[in-house]
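Student: Could you take me slowly through a single part of this structure, and explain how its pieces are placed relative to each other?

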Amino acid sequence: MFDGMTRRIVCMWFPRLATDRVLRARPVLGPFALTERHSNTDRIHCLNVQGEAEGLHRGMSLADARAFCPDLLSAPARPDHDARFLRILGRWATRYCPWVGPEGPDGLVLDVTGSTHLWGGESALLQDMHMRAERAGLTLCVGLAGTRGAAWALAHHAQGIADPGEEQAALAGLPIAALRLEAQTVVRLQRMGLRTIGDLAGTARAPLARRFGQGLLLRLDQAMGQQPEAISPEADAPHYAVRLSFPDPIGLSGDVMVGTERLLAALCEKLKAREAGARVLSLTLRRVDQGSQQVELRLAAAMRDPARILPLFERGVGDVDAGFGIDQMRLEASVVEDLPVQQVGAVRKADPDRLSDLITRIGTRIGLENVQRFLPADSHIPERSFLISPAAFATPGGSWSVMRPRPLSLFPPEPIAATGPRPPARFRWRRMSLSTGRATGPERITPEWWLDDPNWRAGMRDYWIVETREGRRLWLYHTPQNPGWFVQGEFA
């Protein structure tokens, strides 16, 4: 496979990846920790060097850590940001070899077979890794061996280089945990008196397989090179961006729209090939004076039809200041969603794209968040029977099912002067004198005990539909536990 060359694997371990990422942007003096919440308790996720020097450790509760170290500074951990930062480090590590893959949440594995001589040898290669990591403010531990398991063991427990064919000798004195085993398995092996990899390798395999399963022997064989272990580099995420350069600057809005049309056609072809659609498009116009202006288009639904998207750019392009001319245009789909191909039937149905286009056109003027729709909610409380959500980011909730009629207009309760459990014959509301012609009810609604709502602390309500002789149809309610009458809605 490698023309007779001995396989060489490098494991890069960043033991303080999370804290190093945060401290690179905002350095602090003294102990610092990132915390995660487990079982209603904040526990330490990662520590810097000063925190470890104070005797703190991962998994320790934040309250205990502050008792030991009152000067401890903390912040919530962001595992998603750490994973993204590790992917960035993976792209950086391709300077050493093309085969770079993840090794857990805080490490990378590199297949440097045949490329170490480009850096002056294996020692020079590891020295360059340490130098660049230190310059970037990262803590790095590196191991180099002929197998992935041996490189991982050296990076986590020894740091160094194992010469070809000497992995067994290099691993013999390392602890059992260097085989990437589960914590429970390590404890059980230690109770049996097997504390090092050499002790485990010298033990009969059949009893170990019966007691611990084949996973233990597989990890041992992988570290010793008796079982292969592949390195699978992560594929680069698709990048949806196109660029257009002009030999002579342009400045007219019509010319910019023609260029945008060409860019949209190329970008939508990329999106179609991956069955994706754009939700946010950014058009960057670079001027000859090296300045740039950006036109951002946020769509109400994922799209990849150039004919539908192009007119939506007209308003933003018309406000662009071209200066002395534009010599380059760049169009990028910064937010992309899946948009699979759909079967078009013979029966024509209502076109949802027309509504999405309308929402997009209105949203470009007032903002997509300001175009809202009502959604049904599962609650018998009138104020909680609906939700208001941006129409661009919510789908229609289906039909509204109500067992009793509800008013068209619902407003905060307004008190009226009345006594007794039945609607008053005459009452004043909003400076109007009204008389009851017909009353339908009551409909008793009790508060939801699992939610503390200050408006419902008066207890249950008896709702009535009151038709007045003056033509008003009101929704009144009475509170038996704390007697009082209120108007909360009006029917059409």
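Tutor: What follows is a close look at one sheet and the helix that packs on it. Please keep in mind that this is a predicted model.

The part to look at is an open sheet of four strands, and if you step across it you meet them in the order β9-β12-β10-β11, with antiparallel pairing. At the edges lie β9, which covers residues 241-250, and β11, which covers 292-303, and each of these two strands pairs on one side only. If you ignore direction, neighbouring strands of the sheet are turned against each other by 15 degrees on average.

Now follow the pairing of one edge strand in detail: β11 is joined to β10, which spans residues 276-287, by eight bridges, and the two pair in the antiparallel sense. To find your place along this pair, look for S282, which stands opposite E296 in β11.

With the strands in view, you can add the helix. Helix α12, made of residues 253-273, packs on the sheet and touches β9, β10, β11 and also β12, the strand of residues 326-338. If you compare the direction of α12 with that of β9, you will find an angle of about 160 degrees between them.

To put the picture together, begin at the edge strand β9, cross the sheet through β12 and β10 to β11, and then place α12 against it, in contact with each of the strands β9, β10, β11 and β12.

Notes:
Residues numbered from 1 in each chain as written. Predicted model: local features only at pLDDT ≥ 70, side-chain atom pairs only at ≥ 80, totals over all residues. Heavy atoms only, no water. Pairing = 2+ DSSP bridges. Axes fitted to C-alpha atoms, helices over the stretch in contact; angles between N-to-C directions. Contact = heavy atoms within 4.5 Å.
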